[in-house]
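Welcome, and thanks for taking a look at this one. Below is a short tour of its cysteines, its salt bridges, a few single residues and the contact between its chains.

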Amino acid sequence: MNSSTIFLYLGFMLFGMGGFGVMVRQNPIIKFLCLELMLNGCNLSILSYSRVREMAGLPLALDPSVVTLIVMFIAAAEVVVGLAIIINIFRRHHRIDIDTLESY
Amino acid sequence: MLIEFLIAFLVLGIVATALGVIISRDAMYSALCLTANLVLLGGVFVVLRYPFLGLAQILVYSGAVMVVFLFCLHVLSDEVIEDNTTSFSAKGFVALVSTCIISALIWATRSDWKELLSANLEPKVVSTKALAEGLFGPYVLVFELTSVLLLIALLGIMVYAVPAVVQSIPEEAVSDEQ
């Protein structure tokens, strides 16, 4: 098993662990951190799978580095907007509870 | 031999810090674990011979995004940072679902393992020039669209950051009508 395959599995694991965190944790900030884990798992999977295919001589449909860079841009935008929403909720209600957010 | 040690260190470190993000009760420790995770992931990108992406990962994520996270954690009060509701009743079920997702991903990519593992060409380094040619060549429309997305995010934050302005708009409209 070469290193690209190990990293591909690692990307899957990161995605799964991030999904677990998003579903289990109740703190909205930690939910966001786990979302970052999922996005990074996607990035790692894209890059390592492209390496796996490349080393086997198979063609690539997309340029993996460009896709990864665009995922990074979108993640940055998403984080900033999400944190602004969280801070705004906190400033209005002085607490953030995911379970009772509908009644605010 | 050295590269195997490096890969083992990176993999173990990434798994450990990801567990730290999920498990730790204090959101500050989670954020610090995620910072370490992102730096190690930058190292993985360099090992995969994407040096520019590795640097961008460290600069953009651990440099910019994590600073925003830590700033947000400092703005919020301690009771928000400390997670008092970690006891989610269906943790085992969620763990099962996550394991199923990981297994399904591994199964979905299994099809061409044999030919993939038999071939062992040396991967070439993706230079910054090649990346720029991709960004400004076939993917230029997507690249420009991301800039529009970032602009929209900026405007959205402006609206959120100045609630007084937003709240005063309907009041002024009401007073004009009167």
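## Cysteines without partners

Over all chains, the structure holds 0 disulfides, a disulfide being a pair of cysteine sulfur atoms within 2.5 Å. Please keep in mind that this is a predicted model, in which local features need pLDDT of at least 70, side-chain atom pairs count only at pLDDT 80 or more, and totals for chains, interfaces and linings use all residues. Residues are numbered from 1 along each chain as its sequence is written, chains are lettered from A and ligands numbered from 1 in the order in which they are written, and side-chain values use heavy atoms, with hydrogens and water left out.

Why is C72(B) not in a disulfide? The closest cysteine sulfur, in C34(A), is 15 Å from the sulfur of C72(B), which is too far for a bond. C72(B) is also buried, at 1% relative accessibility (buried means under 20% relative accessible area, exposed over 50%, and partly exposed in between, with a 1.4 Å probe and protein chains only). C100(B) is in no disulfide either, and the nearest cysteine sulfur, that of C42(A), lies 18 Å away. Unlike the buried C72(B), C100(B) is partly exposed.

The accessibilities of the residues in this tour are gathered here.

| Residue | Relative accessible area | Class |
|---|---|---|
| C72(B) | 1% | buried |
| C100(B) | 48% | partly exposed |
| S45(A) | 13% | buried |
| R49(B) | 29% | partly exposed |
| R51(A) | 1% | buried |
| E54(A) | 22% | partly exposed |

## One salt bridge in chain A

How many salt bridges does a search of the whole structure find? It finds 1 over all chains, where a salt bridge is a side-chain nitrogen of Lys or Arg within 4 Å of a carboxyl oxygen of Asp or Glu. The partners are R51(A) and E54(A), whose side chains meet at 2.4 Å, N to O. Both sit in helix α2 of chain A, and because they are 3 residues apart there, about one helical turn separates them. Helices here are DSSP runs (H or I, at least four residues), numbered from the N terminus, and strands are E runs of at least two. R51(A) is buried, while E54(A) is partly exposed.

## A serine and an arginine

S45(A) also belongs to helix α2 of chain A. Its side chain reaches the backbone oxygen of G41(A) at 2.7 Å. Apart from neighbours within four places in sequence, S45(A) is in contact (heavy atoms within 4.5 Å) with L8(A), G11(A) and F12(A).

In chain B, R49(B) lies in the loop between α2 (27-47) and α3 (51-75). Although R49(B) is not a glycine, its phi is positive, at about 65°.

## Where the chains meet

Contacts link 75 residues of chain A with 82 residues of chain B. The two chains bury about 7,000 Å² between them, 78% of it on carbon and sulfur atoms; buried area is the accessible area (1.4 Å probe) that two parts lose on being put together, summed over both. On the chain A side, α1 (3-24), α2 (28-55) and α3 (64-93) each supply at least two of the residues that touch chain B. The largest share of that side, 24 residues, comes from α3(A).

Between chain A and chain B, the count of salt bridges is 0.

Terms used. A polar contact is a pair of N or O atoms within 3.5 Å; within protein, one must be able to donate a hydrogen and the other to accept it, and residues adjacent in sequence count only if both atoms are side-chain atoms.
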